[in-house]
Amino acid sequence: MSALAMTVALPATRKASEFRHVRALDGIRGIAYLLVLGHHCFSIGQQSGPWPVGDRLLTWFFSFGFLGVDLFFVLSGFLITSLLLVDRRQPHYYRNFYVKRAFRILPIFIAVLFAIRVTGIASTSSVVLSLLFAANFANLFNVSLGGPFWSLAVEEQFYLLWPRLVRRLNMRRLRKVLVTVIVVEPIIRCILASGGHGYAYYTFSRCDGLAWGALLATETRLHRLLDRGDRAKRWWRKLGTPLFISGGVFMVASVTVTSLRLGGLFTAALMLGACPIFFSGAIAFVLTHHDSLASKVLRIRPLCFFGDISYASYLLHLYVLSSYDKIAGPL
């Protein structure tokens with residue numbers, strides 16, 4: 001969810017410092033933010049009783065808005081890995097990466113934490129855990145923690161190790177590591193779910209979305225998908241299409257089973273594995289079909305605007321909604 005510019009690396013024949021801005025990815029990030037915002041605005045409402053049908057449908061739809069976080073993860077894995085792959089042979093590789101990331105995420109991050117501590121919204125323990133990017137393990141320390149900081153913790157823990165692997169491993173070994181994460185983490189989620197344990201916030205059970213995005217970045221660099229020519233479209237037909245279709249079918253099936261209350265934590269755990277597959281296929285389509293109608297829609301100003309402000313809004317929106325509820329009172 002960092003405020004990472006929606007840029008991707010040019011093929012290796014260009015200078016390492018050059019990047020091509022893919023505006024449609026800003027639109028995708030805007031959709032991810034709107035899904036999360038809708039989830040927090042609508043999904044708490046009742047889905048039965050005197051509510052109009054339209055409101056109940058909207059409430060049902062946004063009950064799955066939490067999947068926007070997984071879309072954020074895939075985008076982050078793709079974008080940051082694209083940057084790391086371009087710069088991995090450059091001097092001061094680690095310093096440049098972590099300094100840039102600190103400047104992007106820390107100012108608003110620290111400001112929000114300071115504000116919620118001063119106003120009494122959050123405890124000192126929860127703020128300290130968030131500052132240490134360990135908020136996703138708050139329950140292990142018996143610390144009550146709300147807000148969005150768990151997802152940032154998942155990302156930053158992943159990026160403590162990932163730049164080192166990108167620097168040291170060749171592309172073949174990188175892909176093996178990513179495939180291992182993609183295979184193992186859904187299994188861990190299902191094991192935890194079958195035992196009645198939580199799995200939603202732990203890095204070892206939630207970073208397969210980041211891995212899918214990173215894998216897409218390696219494919220983009222290997223096959224030069226941003227050339228947007230016949231080669232890119234052939235790759236899409238061969239690999240992108242199966243990702244998009246299989247992920248979509250699996251995701252719809254999981255959502256349907258969950259909506260009918262035929263499945264519990266186990267089905268939800270499987271859903272979290274299907275969504276990054278579908279999202280990766282969707283992003284691959286945008287990268288290989290720049291002139292498609294879908295890409296043009298994703299480049300419209302409102303979506304891109306929400307994409308541009310998504311990081312700050314993601315950190316703030318829960319507290320704004322909570323303040324509004326206290327002022328306006330129950331409906």
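**Why these labels?**

Student: Why is Leu129 called buried?
Tutor: Leu129 has a relative accessible area of 10%. Buried means under 20%, exposed means over 50%, and partly exposed is what lies in between (1.4 Å probe, protein chains only). At 10%, Leu129 falls under the 20% limit, so buried it is. Keep in mind that this is a predicted model, in which local features need pLDDT of at least 70 and side-chain atom pairs count only at pLDDT 80 or more, while totals for chains, interfaces and linings use all residues. Residues are numbered from 1 along each chain as its sequence is written, and side-chain values use heavy atoms, with hydrogens and water left out.

Student: Where is Leu129 found, and what counts as a helix?
Tutor: Leu129 is in helix H5. Helices are DSSP runs of H or I with at least four residues, strands are E runs of at least two, and numbering starts at the N terminus. The C-alpha atoms of Leu129 and Trp150 are 9.6 Å apart, with their positions 21 residues apart along the chain. For Ala135 and Trp150 the C-alpha separation is 4.8 Å, at 15 residues apart in sequence.

Student: Is Ala135 buried or exposed?
Tutor: Buried, because its relative accessible area is 5%. Ala135 sits in the loop between helix H5 (124-131) and H6.

Student: What makes Asp70 and Arg206 a salt bridge?
Tutor: The rule asks for a side-chain nitrogen of Lys or Arg within 4 Å of a carboxyl oxygen of Asp or Glu. For Asp70 and Arg206 the N to O distance is 3.0 Å, so the pair passes the 4 Å test. Asp70 is in helix H3 and Arg206 in helix H8 (residues 203-206), so the bridge ties together parts 136 residues apart in sequence. Both of these residues are buried, too.

Student: How do you know that Arg101 and Glu155 pair up as well?
Tutor: Their side chains meet at 3.1 Å, N to O. This pair links distant parts of the chain, with Arg101 in helix H4 and Glu155 in helix H6, 54 residues apart. Arg101 has a relative accessible area of 5%, so it counts as buried, and Glu155 is buried at 0%.

Student: Which residue forms a salt bridge with Glu219?
Tutor: Arg175 does, with the closest N and O atoms 2.4 Å apart. Glu219 lies in helix H9 and Arg175 in helix H7, so parts 44 residues apart in sequence are tied together. Glu219 is buried at 7%, whereas Arg175 counts as partly exposed because its value is 31%. Elsewhere, salt bridges with shared partners join Arg23, Asp26 and Asp308 into one network. The structure holds seven salt bridges.

Student: What makes a set of residues a nonpolar core?
Tutor: The members are buried Ala, Val, Leu, Ile, Met, Phe, Trp, Tyr and Cys residues joined through side-chain atoms within 4.5 Å. The largest one here has 65 residues, and Leu25, Ile28, Trp162 and Ile283 touch the most other members. Elements that give two or more residues to this core include helix H1 (23-42), helix H3 (67-87) and helix H11 (265-288). Apart from it lies another core of 14 residues, among them Ile105, Phe109, Val112 and Leu315.

Student: What makes Val179, Val183, Val184, Ile187 and Ile191 a patch?
Tutor: Patch members need over 30% relative accessible area and no salt bridge; nonpolar side chains (Val, Leu, Ile, Met, Phe, Trp, Tyr) are joined within 5 Å and like charges within 9 Å. Val184 has 36% relative accessibility, so it clears the 30% mark and counts as partly exposed. Val184 lies in helix H7. Together the five have about 410 Å² of accessible area, a value from the Shrake-Rupley method with a 1.4 Å probe, where for residues only the protein chains shown count as cover.

Student: Why is the patch with Arg237 called positive?
Tutor: Its members are Arg224, Arg231, Arg234 and Arg237. Lys and Arg count as positive and Asp and Glu as negative, while His and the chain ends are not counted, so the label follows. Arg237, in helix H10 (residues 230-259), is exposed because its relative accessible area is 54%.

Student: What is unusual about phi in Asn142?
Tutor: Most residues other than glycine have a negative phi. Asn142 has a positive phi of about 55° although it is not a glycine. At 74% relative accessibility, Asn142 counts as exposed.

Technical notes. The place of a charge is taken as NZ of Lys, CZ of Arg, CG of Asp or CD of Glu.
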